Every structure is written in structure tokens, then in C-alpha cells.
Amino acid sequence: MMHSKRPSDVERAWLDRNGDPINIDYAWQKSDARIALRRRERAMLAAAGMDGPEARWYVLRVEERTDIAVDKSLHDANVERWMATKSVLPPRRSDRKKQRSEPVLMAALPGYVFVRVVSTPATWAALKTIKGVVDVLGGADNPKPLKAAEILKLQAFIEKNPRAIEVLTNALKVGDRVSIDAGPFASFEAIVLVLGDAERIKVEASLFGRATPLELDLAQVTKLE
């Protein structure tokens with residue numbers, strides 16, 4: 001009875017799981033290609049994260065429940081970003097009524113993450129290599145930028161962000177003309193009377209021919225030039 005030759009340890013190291021020989025040159029080529037792709041993706045992401053006068057804010061659409069993972073990937077790639085968050089209490093379990101629940105942070109605008117980048121085809125191609133990123137709002141051919149003031153107003157309104165509130169407050173002074181952007185008096189113009197504490201200001205608007213004092217959130221007004 002003839003026995004097949006048993007491969008040596010060296011020979012066995014280059015066989016696949018079915019016992020067939022592996023094309024070493026081809027395997028190395030595939031490995032090199034994967035390494036080169038990862039390096040290219042890293043280089044593209046590094047370029048996307050570069051700052052400059054042309055960098056503007058854009059909105060990325062992301063897959064459901066990937067907001068936090070995308071935010072972390074952008075952080076790791078040094079891309080300036082902002083994911084709107086809110087603090088909420090988790091639902092209380094019936095068997096833990098006496099246990100005090102600690103608030104947790106959740107995405108305030110699920111499905112969207114804001115990035116500040118220079119808009120180029122390479123930028124959007126790089127960002128789409130991040131797992132969970134669907135596209136930029138408006139599409140890579142016609143992305144819709146946001147003004148920095150709009151981001152600050154969102155941060156002040158959603159997160160009560162102290163830095164955003166400080167920047168918005170410092171941009172205003174008593175006597176400035178502002179437009180009211182939200183609420184029942186949206187589209188009216190007003191004059192700043194008092195810069196209040198935190199995120200509130202007092203203005204005077206002309207409503208139906210009468211001067212009417214109003215108290216508003218900073219996020220509800222825009223300074224008029």
C-alpha cells in the first residue's frame with residue numbers, strides 16, 4: 001500500500017485550507033495592494049482634515065446608529081467635526097425603581113455629523129471611506145456649506161455650549177440691529193436692548209406699529225450688517 005508523501009512544515013505553511021498550494025507572488029501582490037489602499041485612504045483623510053481659509057462646514061449623512069463611530073473615526077483622522085449631542089435619562093427598569101439613573105449623551109440630530117473641510121473631490125472620496133458615512137448633504141458634486149455662525153447657533157441652542165454662547169454674545173452689543181430667525185416673531189427686525197446672562201438677550205421689535213420688548217435665545221437672532 002502506497003502512502004502519499006506528507007508535506008514538510010515549510011511546505012505545509014504555503015498550502016491553503018484545502019491543501020492546495022498557494023501562489024506566493026499573487027498573495028504578496030494582494031497584500032501589498034491592501035496596504036497601499038490603506039495608506040492612500042489615510043493620506044486622503046489627512047488631506048481632508050487640513051485647515052485653511054477655504055475650509056467650510058458641511059453636513060455628512062451617516063447610517064443609522066453609526067453617529068458615535070463616525071465621530072470617533074473623524075477624530076482619529078484629525079478632521080474637525082461636531083456631532084450634536086443631548087443629555088437624556090435612560091428609561092427606568094421596573095425592577096430598579098429605587099436606583100438613580102445617570103444621564104447619558106445621545107445624538108441630538110441622528111443621522112448627521114458636521115465637518116469643517118476644504119471641498120474637493122478627494123475630500124469627499126476620503127470621507128466616504130469611513131464606515132457609516134453615506135454622503136455629504138447636497139452630494140459631492142454640489143455640497144451645501146453652512147456658515148460658521150449657523151454652527152455656533154446650533155451649538156448654543158442644542159447643547160447650550162458655553163464657547164458658542166460666548167462667541168455669539170461677544171458678536172453683539174447694545175443697539176445692534178438683529179433679525180429674529182425663529183419663534184412666533186420670525187422675520188421681524190429688532191434692536192438689542194440688554195445682553196442678558198447665559199444665552200438670553202432682550203430686544204425691542206416693532207410689532208404692528210408698536211415698540212415691543214422681547215426676551216429671546218441668542219440662537220434665535222442674527223446680527224444685521
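Q: Buried means under 20% relative accessible area, so going by that cut-off, which residues of H5 are buried?
A: This is a predicted model, and in it the buried residues of H5 are Ile151, Leu152, Lys153, Gln155 and Ala156.

Q: And what covers the buried residues of H5?
A: The cover includes three strands from earlier in the chain, S1 (56-62), S2 (80-82) and S5 (112-117), and it also includes helix H6 (162-170) and strand S11 (221-223).

Q: Which strands does H5 lie across, then?
A: Helix H5 lies across S1, S2 and S5, and it runs at about 40° to S2.

Q: How far apart are the end C-alpha atoms of H5, and what should its twelve residues span?
A: The end C-alpha atoms are 16 Å apart, which agrees with the expected span, because twelve residues (148-159) at 1.5 Å a residue should also cover 16 Å. Just after the helix, Lys160 takes a positive phi of about 55°.

Q: Back to Gln155 in that helix: why does Gln155 count as buried?
A: Gln155 counts as buried because its relative accessibility is 11%, which falls under the 20% cut-off.

Q: What does Gln155 touch, not counting residues up to four places away in sequence?
A: With those residues left out, Gln155 touches Trp82, Lys160, Asn161 and Ala164, and Lys160 is the residue with the positive phi just after H5.

Q: OK, zooming out, how many helices and strands are in the chain?
A: The chain has six helices and eleven strands. Of its 225 residues, 30% are buried, and about 15,700 Å² is exposed, with carbon and sulfur atoms supplying 54% of that area.

Q: Of the contacts between residues at least 6 apart in sequence, how many join residues at least 24 apart?
A: Those that join residues at least 24 apart make up 56% of such contacts in the chain.

Q: Now the sheets: in what order do the strands of the four-stranded open sheet come?
A: The order is S2-S5-S1-S6, and the pairing is antiparallel. S2 and S6 (133-136) stand at the edges with a single partner strand each, so one side of each is left without a neighbour in the sheet. From one strand to the next, the twist averages 35°.

Q: How many bridges join S1 to S6?
A: Three bridges join these antiparallel strands, and Leu60 stands opposite Val136 in S6. Besides H5, helix H3 (residues 67-76) also lies across this set of strands, namely S1, S2, S5 and S6, and H3 runs at about 15° to S5.

Q: And what is the order of the five strands in the other open sheet?
A: That sheet is antiparallel and runs S10-S9-S8-S7-S11. Its edges are S10 (210-217) and S11, and because each has a single partner strand, one side of each is left without a neighbour in the sheet. Neighbouring strands are turned by 40° against each other on average, direction ignored.

Q: Over how many bridges do S8 and S9 pair?
A: Strands S8 (residues 189-195) and S9 (residues 200-207) pair over five bridges in the antiparallel sense, and Leu195 stands opposite Ile201 in S9.

Q: Which residues have the most contacts inside the largest nonpolar core?
A: Val178 and Val203 do, in a core of 18 residues. The elements that give two or more residues to this core are H5, H6, S7 (177-180), S8, S9 and S10, and S9 supplies the largest share, with four residues. Apart from this core lies another one of 16 residues, among them Leu60, Val70, Val133 and Val136.

Q: What is Val178 in contact with, leaving aside neighbours within four places in sequence?
A: The contacts of Val178 include Phe188, Ala190, Val192 and Val203, and also Val221 and Leu224.

Q: Changing topic, where is Ala219 found, and what does Ala219 touch?
A: Ala219 is in the loop between S10 and S11, and it counts as buried because its relative accessibility is 14%. Not counting residues up to four places away in sequence, Ala219 touches Lys153 and Phe157, and Lys153 is one of the buried residues of H5. Ala219 and Ala149 are 70 residues apart in sequence, yet their C-alpha atoms are 9.5 Å apart in space.

Conventions
Residues are numbered from 1 along each chain as its sequence is written. This is a predicted model: local features need pLDDT of at least 70, side-chain atom pairs count only at pLDDT 80 or more; totals for chains, interfaces and linings use all residues. Side-chain values use heavy atoms; hydrogens and water are left out. The expected span of a helix is 1.5 Å times one less than its number of residues. Buried means under 20% relative accessible area, exposed over 50%, partly exposed in between (1.4 Å probe, protein chains only). Contact means heavy atoms within 4.5 Å. Accessible areas come from the Shrake-Rupley method with a 1.4 Å probe; for residues, only the protein chains shown count as cover. Two strands pair if DSSP finds at least two bridges between them. Axes are lines fitted to C-alpha atoms, for helices over the stretch in contact, and angles run from 0 to 180 degrees between N-to-C directions. A nonpolar core is a set of buried Ala, Val, Leu, Ile, Met, Phe, Trp, Tyr and Cys residues joined through side-chain atoms within 4.5 Å.
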